[in-house]
Each structure stands twice: as structure tokens, then as C-alpha cells.
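The following exercises train the reading of a protein model, from a whole chain down to a single residue. Please study the sequence and the structure before attempting them.

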Amino acid sequence: MKSFPDNKSFAFSIFDDTDLSTADNVAPVYRLLSELGMRTTKSVWPLATVVEGKHGGCSLQDPEYLSFILHLQDLGFEIAMHNMRNHHCSRELVQRGFAEFRRLVGQYPRAHANHSRNRENLYWGAARFRFLKLLYALGARFAGERSFEGHVPESESFWGDLCHDHLDYVRNFVFRGINLDRVNPTMPYHDPAKPLVKYWFSSCDGSDVESFCNLLSRRNQERLERERGVCIVYAFCVRIRPEWRCAPPDRTYFTRARTTEWLVCAGFRAFGPFAASTPERPHSRYGIGRYGSTLGL
Ligand SMILES: [Zn+2]
């Protein structure tokens, strides 16, 4: 069991995938999170979206959306990246994306999650797996899945060195349970087989309304608290908002947060107190995942 700062009983955050997001369609979610004192992580695309891309949505190139994102940052939300745009990017575009992110947001992002089938995704597809790699690659070839090359130095999509220079955390496996500490106790972890990523983090599946609501059921919240666990929901806030079934008018689920000592964290600052790189907790204690990428199949 982890110990948290200020005797908090568990850690909770949300990483919001930016697919389909506009200032209008996700603002209500952020208003609610903000009212509840929650400061989570919002991913963005720094470069304009293109029609060929999988899933549209706004980018930092849209002035109205940019001011919404900067307002979130002022409130204490963390701004992270979700590739540079909704479609493949060459190394040159990735470089431009980092520059735009820094120009518009004020600093480089610390956290990243691969987007869909972008060719420049890092350690994605078969490369995610250590033991079933060959089997997966064979299946993927039959299914017509492309290869992902962000970590391949010979590729024109290579940006692994930039990832290592600028980013601290990259999302890998997503689990159904509420407590990541049970499957991934050394998170965030470094995987020597994937050296271009400093640290990986896992997350809990909240990818649609149903999974989001199931994940945040009262039972699961109580379990997270009892187990003094860690939960980072991978969510698409844009999908949750229209129905918002898990927060009916009395806002049952999130309201509980105010009464039960959630450790509400600004995204990946959540790792701060027990991150591998902090001097109080040396790398060896939490850094190399004993379970690493082996349990996330
Ligand atoms: Zn996405």
C-alpha cells in the first residue's frame, strides 16, 4: 500500500482523451470538476486537425479552444498531449507540434497518450507486448493493421528521442479495475525494453459512459478508499457529457469526492510524492516495474 501526502487515503485522477472535443462540448465537465476542486489532466492536439484523421475535434490552433485550454491551465488542470494532431505526423511535424505546444501553452507537456492508429505512435500495436509480440504481429497483419514507428530510428515517423527529451510519462495499458496499485504497484515504471519512454503509467478504463459509470460506482469508490489505491481514469469527457448519467442532478458520484478525502491531484503531479525521480523515493524503489508490461495483456 502506498502512503500519500497529508494522510490522504487514495489517489484519483482523470486523463481526458481529446478526440472530438470542442470548448462547448467539454466545458460542462470541466466546470463540474472545477467546482468539486478536482484538477485533472486534459490532453490536446497542438497542430490543426485534418479531415483524413480519425476523429475530429479542436486543436490549439483554434483561438476559442486555446483560450479555454489556457483557462483550464490557470485553474490548475494539467495540459498533456495526444500526439500532435488527429492524423499521422512525420518527425518534422512532431517537432513543429512540440514547438507550438510550448509557444501556446508556455511549456512542454509532461504526459502523453498515443492516438488511435497514427503511424508515429510509440511502442504501439505489437510493440506494446513483450511476450506475445509475434502472435500479435501475425494477427495484426491479417487484420490489415499498420505498423507503428515512432520508436523506430530508421523511420521518417521517428520521434522517440524527442519523447525522451520532453516527456516524463506515457500511457500504456488500460485495466478494468478501480485500483491500479493491485496490477501495477511500481507505477510509474520504466521498461528497459522501451528505453525511449522515461516512465509508463497505466490507467483504468472509462472510455465510454457505461465503463466510466461502472468504474466510478459507489462500490468501487469504497474499494479504492479501503485499499488506499491509485486510480487514473482514461476517459473521453466528450462522450460522458451528453448523458452524464453517472452524475444525476444530485451528483452522487462526484459529490462523494468531497466527503471522503479523495487525493485530488493535478494530473500527473499525482506521481510527485512517490515518483521514481524524487530524491525521497529513489528510483530503485518504484522505478523498474516488477510487473512492468507483463501484466497488461
Ligand atoms: Zn484519441
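The exercises below treat one helix, the strands beside it and one loop residue.

The model is predicted: local features need pLDDT of at least 70, side-chain atom pairs count only at pLDDT 80 or more, and totals for chains, interfaces and linings use all residues. Residues are numbered from 1 along each chain as its sequence is written.

**Exercise 1. State how many helices and strands the protein has, and compare the expected span of helix α2 with the distance between its end C-alpha atoms.**

Step 1. Helices (H or I, at least four residues) and strands (E, at least two) are DSSP runs, numbered from the N terminus. The protein has 11 helices and 8 strands.

Step 2. The expected span of a helix is 1.5 Å times one less than its number of residues. Helix α2 (residues 63-75) has 13 residues, so it should span 18 Å. Its end C-alpha atoms are 18 Å apart, which agrees.

**Exercise 2. Determine which residues of α2 are buried and how they are arranged about the axis.**

Step 1. A residue is buried if 20 or more other C-beta atoms, placed from the backbone, lie within 10 Å of its own, exposed if 12 or fewer, and partly exposed in between. In α2, the buried residues are Tyr65, Phe68, Ile69 and Leu72.

Step 2. These buried residues fall within an arc of 95° seen down the axis of α2, so they line one face of the helix; the arc is that of the directions from the helix axis to the C-beta atoms. An α-helix has 3.6 residues a turn, so residues three or four places apart point the same way.

Step 3. Pro63, Ser67 and Asp74 are exposed on the other side of α2. The buried residues of α2 pack against α1 (23-35), β2 (41-44) and β3 (78-81).

**Exercise 3. Describe how β2 and β3 are related.**

Step 1. The two strands run parallel and are joined by 4 bridges; strands pair if DSSP finds at least two bridges between them. Thr41 stands opposite Glu78 in β3.

Step 2. Both faces of β3 are covered, with Glu78 and Ala80 buried on one side and Ile79 and Met81 buried on the other.

**Exercise 4. Is Thr49 buried or exposed, and which residues does it contact?**

Step 1. Thr49 is found in the loop between β2 and α2. Thr49 has 20 other C-beta atoms within 10 Å, so it is buried.

Step 2. Two residues are in contact if their C-beta atoms lie within 7 Å. Leaving aside neighbours within four places in sequence, Thr49 is in contact with Gly56, Gly57, Ser59, Arg85 and Asn86.
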